[in-house]
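Work through the exercises below with the structure open beside you. Try each task before you read its solution.

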Amino acid sequence: VQLHVSHSLLGDLDAGRRAGAAAVQRLRRLDEPVELVHALFSMATVVGEHLYSDLVPVPTTVATCEAEAREALAIATSLGWTAGAALSRRAIGGVLAAADRPAEAVALLRESERQASSIDHLIHTLRAKVMLGDALFDIGDTQGSRRKFGEAIELGSQLGTKAPLLPCHLRLVEVDLLEGRVDDAAERLEEVLVDSGDTGRRLGVVARSQVVAASGQVDQALRLVDDALAGQNEPAPRLGELRGEMLARLGQLEQATTVLRRADRRAAEAGLQQRRRWIVATRARVAAMTGDRGEAARRCDEAWAMTESAAAGLDDDLASLLRADMERRTSGVPRTAGRLRSDGGAPGALTKRETEVALVLARGLTNQQIADELFISVRTAETHVKRILSKLGFTSRGQVAGWVHEQHLDDR
């Protein structure tokens, strides 16, 4: 089991997978259920941990890892072993996040965090917080992910441990960038590299390349990604996506299209649907840049179909953040599905919740008043208003009020 972990941390997931499989086989024969839970957990987290699946092609599938993690949970539950159950739920949550089933993932990770905390297993609690922060980031909830990462860092300082926090700090660099805080991201990254040395440089290539690109040095960022991809016959989906983005920004659109298509295929083969959702959105943007509006619209429709599928089961706040994230990723890209009429659309263009918000908005209420009336947060109300304006092609709240009246929505 330790050999599997060591190989995985060094980026040799094939060797790690072989070692882990051998460990599982022997532990089954030896009837060592506790160690078997650890082995199955270790195998499953290859998909759930971003530092693995982002940097090298995963030699397994999401479905296989989910089965391994669920077997670990069944064994731990049969033993009445709370720590093992918390560990297993964390693994399942990470796998489901990678499979783009965020509602299930968040619920399991929160339960894992609660279980680990209830027995004062602080290192498991810390790791659950980190993985939950990752899942929230994938949804687009940067505030929620920042909060969870902050809690993990505080807990890590109490424990005097740094190693489990490396993925946390690297992800916070991406959060800073997503929120437009490029200087903060660069400063945070520098601190991480000082603390973690060569390990941080190797595992932090995604964050490093993004910071370099955000500072305007896209060609240098591309070199970082190319160095990380050296020796990979098929690119790790995240690195492939990054390389495609960099190539597109440098105007090498044909090559970017090819790279993204390969990354998409690899993600699909592994069942990494969350990563696919973002890759497909990037493919839509690049297709739009080439002038191929038909391909751009098809990819945009596909990305939005995946987004709506992922939103199923999420509460309104998280579902709105997920959709807002996809709005950002596909901004300016044409769509075919649900395209609005030139006169401003039809009621069916809005979701049920958006129609409710439009009705309240049409009465002249502020975002705070909308939130109070519909029992949602102000941030969710703001997101709904932005989406309504975008979908209907309007620039003012007064236009929405006029549209509501024209469609006779206020008569219902």
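**Exercise 1. Is helix α3 mostly covered or mostly open, and how many of its residues are buried?**

Solution.
- Step 1. Count the buried residues. In this predicted model, 12 of the 16 residues of α3 are buried.
- Step 2. Conclude. α3 is mostly covered.
- Step 3. Name some of them. The buried residues include L36, V37, F41, M43 and V47. S42, T45 and G48 are buried too.
- Step 4. Check the length. From first C-alpha to last, α3 reaches 22 Å, close to the 22 Å expected at 1.5 Å a residue.

**Exercise 2. Find which residues touch the most other members of the largest nonpolar core, and which helix gives this core its largest share.**

Solution.
- Step 1. Take the core as a whole. It has 51 residues. V47, V62 and L272 touch the most other members.
- Step 2. Look for the main contributor. Helix α3 (residues 33–48) supplies 9 residues, the largest share.
- Step 3. Look elsewhere. Another core of 33 residues lies apart from this one. Among its members are A185, V192, A213 and L260.

**Exercise 3. Explain why helix α12 counts as largely enclosed, and say what covers its buried residues.**

Solution.
- Step 1. Count. Of the 10 residues of α12 (residues 205–214), 8 are buried, so the helix is largely enclosed by the rest of the structure.
- Step 2. Name them. They are V205, V206, A207, S209, Q210, V211, V212 and A213.
- Step 3. Find the cover. It includes α10 (166–178), α11 (182–203), α13 (218–229) and α14 (237–249).
- Step 4. Move past the helix. G216 follows α12, and its phi is positive, near 100 degrees.

**Exercise 4. Describe helix α18: which residue caps its N-terminal end, and which residues are buried?**

Solution.
- Step 1. Start at the N-terminal end. D315 is the cap. One of its side-chain oxygens lies 3.1 Å from the backbone nitrogen of D317.
- Step 2. Follow the helix. α18 (residues 316–329) has 14 residues and spans 20 Å from first C-alpha to last, close to the 20 Å expected.
- Step 3. List the buried residues. They are L318, A319, S320, L321, L322, R323, D325, M326 and R329.
- Step 4. Find the cover. It includes α8, α16 (273–290), α17 (293–311) and α21 (378–392).

**Exercise 5. Classify the aromatic pair of F137 and W278, then find what lies over the face of W278.**

Solution.
- Step 1. Know what to look for. A ring pair is described by the distance of the centres and the angle of the planes.
- Step 2. Count the pairs. The structure holds 1 aromatic pair.
- Step 3. Read its geometry. The ring centres of F137 and W278 are 6.2 Å apart and the planes meet at 80 degrees, so the pair is edge-to-face.
- Step 4. Place the partners. F137 sits in helix α8 and W278 in helix α16, 141 residues apart, so the pair links distant parts of the chain.
- Step 5. Check burial. F137 has a relative accessible area of 5% and is buried. W278, at 3%, counts as buried as well.
- Step 6. Add the charge. R329 lies over the face of W278, 3.8 Å from the ring centre.

**Exercise 6. Where do D134 and D100 lie, and are they buried or exposed?**

Solution.
- Step 1. Place D134. It is in helix α8 (residues 122–139).
- Step 2. Test D134 for burial. The cut-off is under 20% relative accessible area. D134 has 8%, so it is buried.
- Step 3. Find a partner. The side chain of D134 makes a polar contact with the side chain of R171, at 2.7 Å.
- Step 4. Turn to D100. This residue lies in the loop between α6 (82–98) and α7 (102–118). At 10%, D100 is buried.
- Step 5. List contacts. Leaving out residues up to four places away in sequence, D100 touches Q273, Q274, R277, M306 and A310.

**Exercise 7. Is A297 buried or exposed, and what does it contact?**

Solution.
- Step 1. Locate A297. It belongs to helix α17.
- Step 2. Test burial. Its relative accessible area is 2%, so A297 is buried.
- Step 3. Find contacts. Beyond its neighbours within four places in sequence, A297 is in contact with P334, R335 and T336.

Notes: Residues numbered from 1 in each chain as written. Predicted model: local features only at pLDDT ≥ 70, side-chain atom pairs only at ≥ 80, totals over all residues. Heavy atoms only, no water. Helix = DSSP H or I, 4+ residues; strand = E, 2+ residues; numbered from the N terminus. Buried < 20%, exposed > 50% of the residue type's maximum accessible area, 1.4 Å probe, protein only. Polar contact = N/O pair within 3.5 Å; in protein donor to acceptor, adjacent residues only side chain to side chain. Contact = heavy atoms within 4.5 Å. Core = buried A, V, L, I, M, F, W, Y, C linked by side-chain atoms within 4.5 Å. Expected span 1.5 Å × (residues − 1). Phe/Tyr/Trp six-rings, centres within 6.5 Å; stacked < 30°, edge-to-face > 60°. Lys NZ or Arg CZ within 6 Å of the ring centre and 35° of its normal.
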